[in-house]
Amino acid sequence: MKAESSEDDGVELRRGPLQASVRRSLNEAALQLALLNRRVGGRLELKDADLECFNLVHNEGPLTPSVLARRAALHPATVTGVLDRLERGGWVVRERDPGNRRAVLVRALRDRNNELFGLLAGMNTAMADILSEYSTDELRVIADFLDRTADAGRHATDDLASEA
């Protein structure tokens, strides 16, 4: 049986390399951001895991240490050491959970944000320049893509955690 060629087949053939290019670019962006975070962490005297945990608490917190350990894919004992360093450095504070006096919540402090933002100023300026080249509709598509990509990463991480 002879396969019929259609315009859709041509579009799919052209989309494959473009999709592969997007995946490669996303991987390269993730790599470069990880390297940037390593440099920033080095300047702040934070280990990679410390900076990742601070970012999780800053973005999603306050969190219990056990939730933070799950989200960061770290052993609870490792998270205790991370939190000790972050607390000593003035990045986080551990407080009693008002809803459960036996539980502890980790909350990000804002005292050192200017120091962190200063180290990220070059990247933030570059991002502002790049984003200024896109229309509002294009920015909506980019934001949607990145949100959905982050969700996919979160689900993939959760799936791997549940398999362990």
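Student: Where is Pro 62?
Tutor: Pro 62 lies in the loop between H2 and H3. Keep in mind that this is a predicted model.

Student: What kind of peptide bond joins Gly 61 and Pro 62?
Tutor: A cis one, with omega at about 0°. For background, most peptide bonds are trans.

Student: OK, the helices on either side of that loop. Where do H2 and H3 run, and at what angle do they cross?
Tutor: Helix H2 covers residues 48–60 and helix H3 covers residues 65–72. Their axes come within 10 Å and cross at roughly 115°.

Student: Is the crossing left-handed or right-handed?
Tutor: H2 passes H3 in a right-handed crossing.

Student: And which residues make the contact?
Tutor: From H2 there are Cys 53, Leu 56, Val 57 and Glu 60. From H3 there are Leu 68, Arg 71 and Ala 72.

Student: How does the contact of H2 with H3 split by class?
Tutor: Five of the residues are nonpolar and two are charged, with no polar ones.

Student: Next pair, then. How do H3 and H4 pack?
Tutor: Their axes are 9 Å apart, at an angle of about 105°. H3 and H4 are therefore roughly perpendicular to each other.

Student: Which residues meet there?
Tutor: Pro 65, Leu 68 and Ala 69 in H3 meet Pro 76, Val 79 and Leu 83 in H4. By class, that contact has six nonpolar residues, and no polar or charged ones. Leu 68 was also named in the contact of H2 with H3.

Student: That leaves H2 with H4. What's the angle?
Tutor: About 80°, with the axes of H2 and H4 10 Å apart. This pair is therefore roughly perpendicular as well.

Student: Who takes part?
Tutor: Ala 49, Asp 50, Cys 53 and Phe 54 come from H2, and Val 82, Arg 85 and Leu 86 come from H4. The residues divide into five nonpolar and two charged, with no polar ones.

Student: Asp 50 is in that list. Is Asp 50 buried or exposed?
Tutor: Asp 50 has a relative accessible area of 1%, so it is buried.

Student: What does Asp 50 touch?
Tutor: Not counting residues up to four places away in sequence, Asp 50 touches Val 82, Arg 85 and Leu 86. Those three are the H4 residues named in the contact of H2 with H4.

Student: I was also looking at Gly 81. How far apart are the C-alpha atoms of Gly 81 and Asp 50?
Tutor: They are separated by 9.1 Å, while the two residues are 31 residues apart along the chain. Gly 81 lies in helix H4. With a relative accessible area of 22%, Gly 81 is partly exposed.

Student: Changing topic: how many aromatic pairs are there?
Tutor: The count comes to one aromatic pair. Phe 54 and Trp 91 form it, edge-to-face, at 5.1 Å centre to centre and 65° between the planes.

Student: Which parts does that pair tie together?
Tutor: Phe 54 lies in helix H2, and Trp 91 in the loop between helix H4 (76–88) and strand S1 (92–97), so the pair ties together parts that are 37 residues apart in sequence.

Student: Are the two rings' residues buried or exposed?
Tutor: Phe 54 is buried, with a relative accessible area of 1%. Trp 91 also counts as buried, at 1% relative accessibility.

Student: Phe 54 again. What about Asn 113, which residues is it in contact with?
Tutor: Leaving aside neighbours within four places in sequence, Asn 113 is in contact with Phe 54 and His 58. Asn 113 is found in helix H5, residues 113–119. At 10% relative accessibility, Asn 113 counts as buried.

Student: Last thing, backbone angles. What's the phi of Glu 45?
Tutor: Glu 45 has a positive phi of about 60°, although it is not a glycine. In general, most residues other than glycine have a negative phi. Glu 45 is found in the loop between helix H1 (7–43) and H2, and it is exposed, with a relative accessible area of 73%.

Student: And the phi of Ala 73?
Tutor: Also positive, about 55°, and Ala 73 is not a glycine either. Ala 73 is found in the loop between H3 and H4. At 61% relative accessibility, Ala 73 counts as exposed.

Notes: Residues numbered from 1 in each chain as written. Predicted model: local features only at pLDDT ≥ 70, side-chain atom pairs only at ≥ 80, totals over all residues. Heavy atoms only, no water. Axes fitted to C-alpha atoms, helices over the stretch in contact; angles between N-to-C directions. Helix = DSSP H or I, 4+ residues; strand = E, 2+ residues; numbered from the N terminus. Left-handed = near helix turned anticlockwise from the far one by under 90°. Contact = heavy atoms within 4.5 Å. Nonpolar A, V, L, I, M, F, W, Y, C, P; charged D, E, K, R; others polar. Buried < 20%, exposed > 50% of the residue type's maximum accessible area, 1.4 Å probe, protein only. Phe/Tyr/Trp six-rings, centres within 6.5 Å; stacked < 30°, edge-to-face > 60°. Parallel < 35°, antiparallel > 145°, perpendicular 65-115°, else oblique.
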